[in-house]
Amino acid sequence: MISFFTNLLSANAELAITLVKIGLLLFIVLTVNAYLTWFERKVVAHMQSRWGPHRTGPHGLLQPLADGVKFLFKEDPTPAGVDKFVYYLAPLLALALALTGIALIPFGPDPLPWKFFGVPVYLGIAPPDVNIGILALFAITAMGVYGVALAGWSSNSKYPLLGGLRSSAQMISYELALTMSVVGVLLMAGSFNLKKIIEAQATHPEWGILGWNIWPQLLGFFCFFVAAIAETNRVPFDLPEAESELVAGFHTEYASFKFAMFFIAEYTSMITVSCLCSIMFFGGWLSPFPASWTFTHYLPSAILLPFGLWVIWDGIRYETIFGRIILPGIGTAMAGAGLALILLPGVNLFIQGPFWLLSKILVFLFVYVWMRGTLPRFRYDQLMAFGWKLLLPLSIVNVIATSFIILAKMTWGAK
Amino acid sequence: MTAPLIVFFVLAALAVIGAVSLILQKHPIHSALSLIVVMIALAGLYLLLGAEFVAAVQIIVYGGAIMVLFVFVIMLLNAGVEEHTSVSKMAGPPGLLLVVALAGLIAATIVRSTDSIQSTMQTGEMSSSLGVSKTLGISNMIFKDFVYPFELTSFLILIAVLGATVLAQREKS
């Protein structure tokens, strides 16, 4: 019986590994999403001199769990006169497409140090040699608008309809700038493959941070980031759900878990955009330091160890008994992980790529929240003018300038 | 049956069902959704043929941009369920005849072109064995071999855009 299963596994090892990876990534992404809401509420609260969630669990750490339970157990009414099929399809579409986007992101350069049934296990679901990585991601982003637009249309209500209309108009306008702004990066890398785009930024290993695409493509990055924020419907481009004008925009008529699906989709696309920004402009999994500075390999430990110790110290003084148990536990885990990384150089070396990519993603997520905490919303005509009259011309200028410089390098540059 | 063959039949069935549903649906939005299904199924078929670039562009341009515009317009006009008027009885027999003629034409073309398809498949394998990626091959074709027809086409599109703008402006004044 057992041998039958091992035979089946080794025959379909690639399929089995992919399924396990999908399950794992789904779990990780959904957990990160949940804690992203906590992070966002906490950061915005502190920017506004509030405490944010702090009652449910130590520092409000159990708030996402409480929210999740609430989403599951709330009454889920279907409004009268909705187009049932499309009404149920829309949140499904939004969530499925957002999660598919993450599947294309490579999270690390090397496969795991050990193989399963002779199959190398890479970090990330799609194999690292997807030739059209970035194009496939844009294809998924392009489809993402349907979730919002159809939700607005099918709800049979005026505010969602307006939200859906705004969303599709906004997507059409910013899609162009989004695609044009990465052409510069593609020209420099000469490939659509995300892995090759990162490797092209490491041609001078000693340059470190200076070799990244952000320096020659500063204009492209600006256009890309602004257009990407507009595509993810976040502040200051969250007109489709502008609560001061449209109640809650396209998801006004959605309650309970169908609303949660839109919510998760939005946060997932935030993560995808952060991944894309760090991969295309900030070197992906490359370290910002020159390759010869090997002492920087201890940076993950140097962050985890003191932070873990601080969490222990903070935890034993916490006011609730629950916090006095949980927080030191988390702190011990962090400090232990930091210590283990020092003691296991092989693991430490492997963790470098994912560590840098995840730190960059975290920075971009913080920028997202930061902007939500500081910037006011655009007016609708400003939004359109900004997209068509500023972003699109700028990104076209960027493409032309980049191609001229590459041409000049090819003609007169160093042989 | 091999896995690619199964995928092919699933996608082909999806495309045909989507196309039929596009015609049979009463509501414009449902028809538009069916058309999107057709586009995506076609993209899957391109992917199965190894044309990754064409597949991605099919979804970005047709599935994304153009169909979003369709849906946008339908939503903006708030188009309702279509009303069926009495269909002309004359339309039946000639339509059937045309369907048969078109199907025959396509079938004949496929039968006749089997040799050339096989030869292009062989050359495609050759180019991939030379280490030339398919996207590179397409761009070489567009921007080197057929650059003048390509530029002429874009000029044509520009004229169409200008024409549409002029017409819209005239209506306003």
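**Exercise 1. Fold of chain A**

Which pattern does chain A follow when read along the sequence? State how many helices and strands it has.

*Solution.* The model is predicted. Start with the elements: chain A has 14 helices and zero strands. Then read along the sequence: the pattern is α-α-α-α-α-α-α-α-α-α-α-α-α-α. Now turn to compactness. The radius of gyration of chain A is 23 Å, and the globule rule gives 22 Å for 415 residues. The two values are close, so chain A is as compact as a globular protein of that length. Last, the box: taken along the principal axes, the C-alpha atoms of chain A fill roughly 70 × 60 × 55 Å.

**Exercise 2. Burial, contacts and surface**

Find what share of chain A is buried, and what share of its contacts with a separation of 6 or more joins residues 24 or more positions apart.

*Solution.* Take burial first. Buried means under 20% relative accessible area. Of the 415 residues in chain A, 48% are buried. Next, the contacts. Among those with a separation of 6 or more, 80% are between residues 24 or more positions apart. Then the surface. Chain A has an accessible surface of about 20300 Å². Carbon and sulfur atoms hold 74% of that surface. Finish with charge. Chain A carries 24 positive and 21 negative charges, and their mean positions lie 4 Å apart.

**Exercise 3. The contact between chains A and B**

Work out how many residues each chain brings to the contact, and which three residues of chain A supply the most area.

*Solution.* Count the residues: 22 come from chain A and 21 from chain B. Next, the area. The size of an interface is often given as the accessible area lost when the parts come together. Here, chain A and chain B bury about 2000 Å² between them. Of this, 83% is on carbon and sulfur atoms. Now the leading contributors. A:Tyr146, A:Trp153 and A:Leu165 supply 28% of the area that chain A buries against chain B, more than any other three residues.

**Exercise 4. Two residues with positive phi**

Locate A:Ser49 and A:His59, then decide whether each is buried, partly exposed or exposed.

*Solution.* Begin with A:Ser49. Its phi is near 55°, a positive value in a residue other than glycine. A:Ser49 sits in the loop between helix 2 (13-47) and helix 3 (63-73) of chain A. Exposed means over 50% relative accessible area. A:Ser49 has 70%, so it counts as exposed.

Go on to A:His59. Phi of A:His59 is also positive, near 55°. A:His59 lies in the loop between helix 2 and helix 3 of chain A. Its relative accessible area is 28%, so A:His59 is partly exposed.

Conventions. Residues numbered from 1 in each chain as written. Chains lettered and ligands numbered in written order. Predicted model: local features only at pLDDT ≥ 70, side-chain atom pairs only at ≥ 80, totals over all residues. Heavy atoms only, no water. Helix = DSSP H or I, 4+ residues; strand = E, 2+ residues; numbered from the N terminus. Rg over C-alpha atoms; globule rule 2.2 N^0.38 Å. Buried < 20%, exposed > 50% of the residue type's maximum accessible area, 1.4 Å probe, protein only. Contact = heavy atoms within 4.5 Å. Areas by Shrake-Rupley, 256 points an atom, 1.4 Å probe, with all protein chains shown as cover. Lys, Arg positive; Asp, Glu negative; His and termini not counted. Charge placed at Lys NZ, Arg CZ, Asp CG, Glu CD. Buried area = accessible area lost by both parts, 1.4 Å probe.
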